[in-house]
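User: Could you take a close look at one spot in this structure for me, and then walk me outwards from there? I'd like the whole story in one go, please.

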Amino acid sequence: MNKKILIITDDADDSSNLVINWLLYFKADFIRLNGKVDFEVISITIENSRIKLLLKSQSTIINLDEISVFWYRRGNISMLTDEMDNPFVNYCKIENNALLEFIITKLDEKQMVNGYSHTDINKCQQLELAIKTNLKIPNTLITTSKKNLTSFLDTNKTIITKSIHAQIPIEIAGISNFLYTSDFNTTDVSNCSDYFFPTKFQTKIEKLFELRIFYLDRKFYAMAIFSQTNSRTKTDFRNYDRKDPNRNIPFKLPKQIKSKLTTIMKKLKLASGSIDMIVDKDGEYIFLEVNPIGQFGMVSIPCNYGIENIIAKKLIEY
Amino acid sequence: MSNSLEMKAPFILFTDCITVKGVNRSTILDLTRGVYYLIPNDLWSILNKEQGNTIEEIIIKYGTQNEDIVLGYFEFLTKRELIFFNSNKNLFPKINLKNWDIPSTIYQAIIDFKENFDCINFDVFHSLASLGCKYIQLRFYKNVNINEITEILENTVGLNILGIDLILKKHDGLSISELKRINKFLNVNNIFFYNANELKNDQSFDTKSPFNIYSFKDDISSHKQCGNISSSYFNVNLSNVSNSIKNNSCLNKKISIDSDGNIKNCPSMTESFGNIKTTRLESVVKNEKFRKYWSISKDKIDVCKTCEFRYICTDCRAYIEQPNDLYSKPLKCGYDPKTNVWDKWSTNPLKKRAIDYYKLNDI
């Protein structure tokens, strides 16, 4: 039977473009859907112990029988719906949601690298899982109260603030701003009102270097980022210095760290993901977060790991 | 004694910095920052044999009479952020530079145009794209007007080609303002004018244009002008270095069509693998003879293999010092790794026979 790969991504996603260049080179048969994917159901047949799904999206017909591998990378999946204003609106919504859930389940049964279901994992939960696995994390406080914050700063001396979960740009006066991790000092605290919107604070770790680790099927592709000597990137390496870029070099994770990370990834049901860690001045490994759909290109290219090629081959050879 | 240096901590050379040993001196290639440093071979030895040791230990080993030299080396290495200090060297494996690979059968192409364009079948762009070609250089050895240029570029629309460079002759029938008509071809990266009466890098004639314009005074009458080796062509980045370690830095995954339609590795070479009118590029690239130059890395080329610049330098197989020896040094290289002197290649008496052979006297 025809082996087809279904990829859902963004047109501007560099990491998937790199993989797709390899798929083209290997002359693989694949369907690429970009951006917001609206599925239109042609038919779903459930009879005589077999299930057939025939869908349409972006004028492409997708026959689930023909799809051997599904790789979800970016973008939303939803059902194509007409704008309706009649008594059936809510009824149709529920019907569509049930269909969508079933379609995603069926697609995820064929998932490789990433599926759709486990792409957004609560970061508080991740931290909880890390401490249960005996991985160190930064002391963390989520609070709405200046009083709590003041005593947290007293105990931890230097602290940072970062999003609890969201990673979306905020547009102010037409300019997109990312809320990068920032230092938070005594003056900042004194500028706070007594009560504020729930905000996350963490103890600031004196880094030796940061780690960005791409994990795929129990293999680790780790990179050390020497962001510490550069004042721009000291607190958040994404605040790139284009003139004197940070050194990003291959890193070999110690066995016990690998085994703890494998446990976390298994519990999160992730076949792949980008893991952020810090190695502190004492050589301790500190877990920050997992991003299920991280940009592996930023690890693969400087370390020459060839991850794009590895993923392409996995998709083909499945 | 320097007090800014960490004397008691084991040092490690950042692994994105590669040392290359030459016969008389060496280089450190900083692959992340795109620069290279010339270093004495003594420092090459320290970097290759002493990593994981402390500066204090190295001074003891090399003798206190050399202390100032060793300290000078480490001040330089620290200042340029080429080393760091960590007691566990094993955590930092080297970058694997031997696995260079790209998803393209052909990556770059050169197409030359002279008298007429009849010999080019414009299906050639489709063939190139399907072979994975990402960069194409179109070189015109005659006066062309804007209509002729856009007509050719129309054939590249919708193809997955990332960059096109145009090499054009400056003449009265082609004005800079007409180049606006090229704006719609988003994959045009650079336009080079030769035979220009003024040397000007006019990059902002139209802010909407996706390409840069460069002008040269020289008249480029033919492909014989190609193949110069110069430090200005050095390219320090991971992909190029990795390719050069394994392959020929000029010809790997390159295909060319000369102005008569002959399919070649490079227009300057004599060997043709058929004419584009009758031969498909897809069949040429399968030919082992066509690919034979691809794997001639600098490590296999006489003289170059002893040169400290070998992984950042360009190469030329069209004009070589011994025309009958595939592995001889590029003719148009005036550098001698033994003396570290760059001389003019064209006046070197030892190269006279090869210059006569290729009829390069009047270039």
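Analyst: Before we zoom in, one cut-off is worth having: a residue counts as exposed when its relative accessible area is over 50%, and as buried when that area is under 20%. Also keep in mind that this is a predicted model.

The spot I'd pick is Ile301(A). At 52% relative accessibility, Ile301(A) counts as exposed because the bar is over 50%. You'll find Ile301(A) in helix α7 of chain A, which covers residues 297-303. Setting aside neighbours within four places in sequence, Ile301(A) is in contact with Leu18(A) and Glu308(A) from chain A, and with Leu238(B) from chain B. For a sense of place, take Ile257(A), which sits 44 residues away along the chain: the C-alpha atoms of Ile257(A) and Ile301(A) are 24 Å apart.

Let's stay with exposed residues in chain A for a moment, moving to its loops. Asn48(A) is in the loop between β3 (37-47) and β4 (50-57), and Ser59(A) is in the loop between β4 and β5 (60-63). With a relative accessible area of 68%, Asn48(A) lands over the 50% bar and is therefore exposed. Ser59(A) is exposed too, at 68% relative accessibility. Now look at the backbone. Most residues other than glycine have a negative phi. Asn48(A), though, has a positive phi, near 45°, and Ser59(A) has a positive one near 55°.

Now step back to chain A as a whole. Its secondary structure comes to eight helices and 18 strands, and its C-alpha trace spans about 65 × 50 × 40 Å along the principal axes. Of its 318 residues, 46% count as buried. The domain assignment splits the chain into domain 1 (4-118), domain 2 (139-203) and domain 3 (207-292). The C-alpha centres of domains 1 and 2 of chain A lie 38 Å apart.

Leu238(B) already took us over to chain B, so to speak, so here is that partner. Chain B has nine helices and 14 strands, and its C-alpha trace spans about 75 × 50 × 40 Å along its principal axes. Buried residues make up 54% of its 363 residues. The accessible surface of chain B comes to about 17,400 Å², 47% of it from carbon and sulfur atoms.

For a buried counterpart to Ile301(A), try Ser104(B), which sits in the loop between β5 and β6 of chain B. Its relative accessible area is 1%, under the 20% line, so Ser104(B) counts as buried. The side chain of Ser104(B) reaches the backbone oxygen of Gly132(B) at 2.8 Å. Not counting residues up to four places away in sequence, Ser104(B) touches Tyr25(A) across in chain A, along with Leu131(B), Gly132(B), Lys134(B) and Lys253(B).

Next, the rings. There are 39 aromatic pairs over all chains. One of them is Phe251(A) with Phe92(B), edge-to-face at 5.4 Å centre to centre with 70° between the planes. That pair crosses between chains: Phe251(A) belongs to strand β16 (residues 247-251) of chain A, and Phe92(B) to the loop between β5 (83-85) and β6 (108-113) of chain B. Phe251(A) and Phe92(B) are buried. Within chain B, the rings of Phe273(B) and Phe290(B) have their centres 5.2 Å apart and their planes at 90°, so this pair is edge-to-face. The two are 17 residues apart and link distant parts of the chain: Phe273(B) is in the loop between β12 (263-264) and α7 (281-284), while Phe290(B) is in helix α8 (residues 288-291). Phe273(B) is buried at 13% relative accessible area, and Phe290(B) is buried at 0%.

The cross-chain pair also has company. Phe251(A) and Phe92(B) belong to one aromatic cluster with Phe209(A), Phe226(A), Tyr285(A), Phe14(B) and Phe84(B).

Finally, some rings in chain B have a lysine over them. The charged end of Lys21(B) sits over the ring of Trp44(B), 4.7 Å from its centre, and Lys170(B) lies over the face of Phe193(B), at 5.4 Å from the ring centre.

How values were computed: Residues numbered from 1 in each chain as written. Chains lettered and ligands numbered in written order. Predicted model: local features only at pLDDT ≥ 70, side-chain atom pairs only at ≥ 80, totals over all residues. Heavy atoms only, no water. Phe/Tyr/Trp six-rings, centres within 6.5 Å; stacked < 30°, edge-to-face > 60°. Helix = DSSP H or I, 4+ residues; strand = E, 2+ residues; numbered from the N terminus. Buried < 20%, exposed > 50% of the residue type's maximum accessible area, 1.4 Å probe, protein only. Lys NZ or Arg CZ within 6 Å of the ring centre and 35° of its normal. Domains from an automatic or database assignment. Polar contact = N/O pair within 3.5 Å; in protein donor to acceptor, adjacent residues only side chain to side chain. Contact = heavy atoms within 4.5 Å. Areas by Shrake-Rupley, 256 points an atom, 1.4 Å probe, with all protein chains shown as cover.
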